[in-house]
Structure formats: C-alpha cells, structure tokens
Amino acid sequence: MNQQTLLLIKPNAVMHKHAGNIISIIETKAFLLRDIKVMQFTPEAAAAFYQEHLGKEFYDRLIKFMCSGTTIALLLEKANAVADLRELVGDTDPAKRKPGTIRHLYAEGITENAVHASDSPEHAQREIRLIFGSPQYPKLSH
Ligand code: ADP
Ligand code: MG
C-alpha cells in the first residue's frame, strides 16, 4: 500500500542548485511527487519542526542553518516510502554515508546535510501537516 513521506531539500542544497538533481534521483527511484512548496523557515517554524532535538548541543546550529535560506518541501508517495527514502537519503553520520545516497553526493557536513527525510510514518504525518496543512490528496488511479 502506498505511504506518504516528507523530503526537505535544505538551504545549502537549494543555494548550490542541487534541487533539480535531487528531485531527479527521487523520481528515478519511483517516488511520486504529490505536493511541493518553496519556503523559508522562521525560527518558530524550525523549532516546531525539530522539537525532538530541543536541548541537544547541535540544536542552535541546526535552527540557524534551517533559517539561512530557501527550503523546498516535497510530499512523496510510494510503497514503503518512509524506509526507502531514509535509505536513499543516507546516514546522519558522515562517516557512514553510502556512495550513491543523496547526502553522500550533496552534504557539506554533519549539519549542512542537504536533505531531511521523515524517520517514521507517524513523524511523516506530523511533518506533512506542519508544512502542508491538511489538504485532501485524492487517491490516484495509476
Ligand atoms: P536525521 O536528519 O538523519 O534524521 P537527526 O534527526 O538526528 O538526523 O538530526 C536532525 C538534523 O540535525 C540532521 O539532519 C543534521 O542537520 C543535524 N544534526 C544531527 N546530529 C548532529 C550533530 N551531531 N552535530 C551537528 N548537527 C547535527
Ligand atoms: Mg531525524
């Protein structure tokens, strides 16, 4: 059954004009693009999005980075979307990123890592609501 997940193309990747290549990779791997939004995080919106990380040593750096420029949010759909997108995005730890993953290609460091992908179906629903609100996405016939 189809599942939805959220990808954010983070400010460093948009600034370096990698957004098109990242969307190409996603489509090559059979994800269907259901919604897209070009946006800029405010500190309040970034804090809501990353609330689980409040208090961690990298938190302030993360919020500042996410507010530093344009972000592109993509609502994606396919079977097993959450796990498959995490695999395609690559590891949080730069040393563990496999060749061919989006972070291996485009990350510039541990914080400036080009993309975000939801880590569970529950978090995906929460993050999709935060970014896109609650529009109706009709079931597709193909
Ligand atoms: P992921 O994005 O892989 O799910 P986390 O949810 O743990 O990783 O962290 C959220 C974001 O915070 C990461 O994508 C990265 O931008 C940043 N981050 C995570 N861990 C660190 C760290 N140890 N030092 C600096 N920044 C970090
Ligand atoms: Mg995470």
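**Exercise 1. What does the accessible surface of the protein come to, and what share of it belongs to carbon and sulfur atoms?**

Solution.
Step 1. Note the source: this is a predicted model.
Step 2. Take the total. The protein has an accessible surface of about 7,800 Å².
Step 3. Split it by atom type. Carbon and sulfur atoms account for 55% of that surface.
Step 4. Turn to the interior. Of the 142 residues, 45% are buried.

**Exercise 2. Describe the fold, from its elements to its overall dimensions.**

Solution.
Step 1. Count the elements. There are seven helices and four strands.
Step 2. Put them in order. Starting at the N terminus, they run β-α-α-β-α-α-β-α-α-β-α.
Step 3. Test compactness. The radius of gyration is 14 Å, and the globule rule gives 14 Å for 142 residues, so the protein is as compact as a globular protein of that length.
Step 4. Add the dimensions. The C-alpha trace spans about 45 × 35 × 25 Å along its principal axes.
Step 5. Look at contact range. Take contacts between residues at least 6 apart in sequence: 79% of them join residues at least 24 apart.
Step 6. Check the charges. The 17 positive and 16 negative charges have mean positions 2 Å apart.

**Exercise 3. Work out the surroundings of serine 118.**

Solution.
Step 1. Locate the residue. Serine 118 sits in the loop between β4 (115-117) and α7 (121-132).
Step 2. Classify its exposure. The relative accessible area of serine 118 is 0%. The cut-off for buried is under 20%, so serine 118 is buried.
Step 3. List its contacts beyond four places in sequence. Serine 118 touches Thr5, Leu6, Val82, Arg86, His123, Ala124 and Glu127.
Step 4. Pick out the polar contact. The side chains of serine 118 and glutamate 127 are joined at 2.7 Å.
Step 5. Look along the chain. Leucine 7 is 111 residues away from serine 118, yet their C-alpha atoms are separated by 7.0 Å.

**Exercise 4. Follow the contact from serine 118 to threonine 5.**

Solution.
Step 1. Place the partner. Threonine 5 belongs to strand β1 (residues 2-9).
Step 2. Check its exposure. Threonine 5 has a relative accessible area of 0% and is buried.
Step 3. Read its contacts, leaving aside neighbours within four places. Among them are Leu74, Leu75 and Leu76. Ala81, Val82 and Leu85 are also included. Ser118, Ala124 and Ile128 are in contact with threonine 5 too.
Step 4. Compare the lists. Val82 and Ala124 touch serine 118, and they are also in contact with threonine 5.

**Exercise 5. Is arginine 34 buried or exposed, and what does its side chain reach?**

Solution.
Step 1. Locate the residue. Arginine 34 is in strand β2 (residues 32-40).
Step 2. Apply the cut-off. Arginine 34 has 17% relative accessibility, so it counts as buried, the limit being under 20%.
Step 3. Find the polar partner. The arginine 34 side chain reaches the backbone oxygen of proline 138 at 2.7 Å.
Step 4. List the contacts beyond four places in sequence. Arginine 34 touches Leu75, Glu77, Tyr137, Pro138 and Leu140.

**Exercise 6. Contrast asparagine 80 with alanine 114.**

Solution.
Step 1. Start with the backbone. Asparagine 80 is not a glycine, yet its phi is positive, about 60°. Alanine 114 also has a positive phi, near 75°.
Step 2. Place both. Asparagine 80 is in the loop between β3 (70-79) and α5 (81-89). Alanine 114 is in the loop between α6 (102-106) and β4.
Step 3. Separate them by exposure. Asparagine 80 is partly exposed at 44% relative accessibility, whereas alanine 114 is buried at 0%.

Terms used. Residues numbered from 1 in each chain as written. Chains lettered and ligands numbered in written order. Predicted model: local features only at pLDDT ≥ 70, side-chain atom pairs only at ≥ 80, totals over all residues. Heavy atoms only, no water. Helix = DSSP H or I, 4+ residues; strand = E, 2+ residues; numbered from the N terminus. Buried < 20%, exposed > 50% of the residue type's maximum accessible area, 1.4 Å probe, protein only. Contact = heavy atoms within 4.5 Å. Polar contact = N/O pair within 3.5 Å; in protein donor to acceptor, adjacent residues only side chain to side chain. Rg over C-alpha atoms; globule rule 2.2 N^0.38 Å. Areas by Shrake-Rupley, 256 points an atom, 1.4 Å probe, with all protein chains shown as cover. Lys, Arg positive; Asp, Glu negative; His and termini not counted. Charge placed at Lys NZ, Arg CZ, Asp CG, Glu CD.
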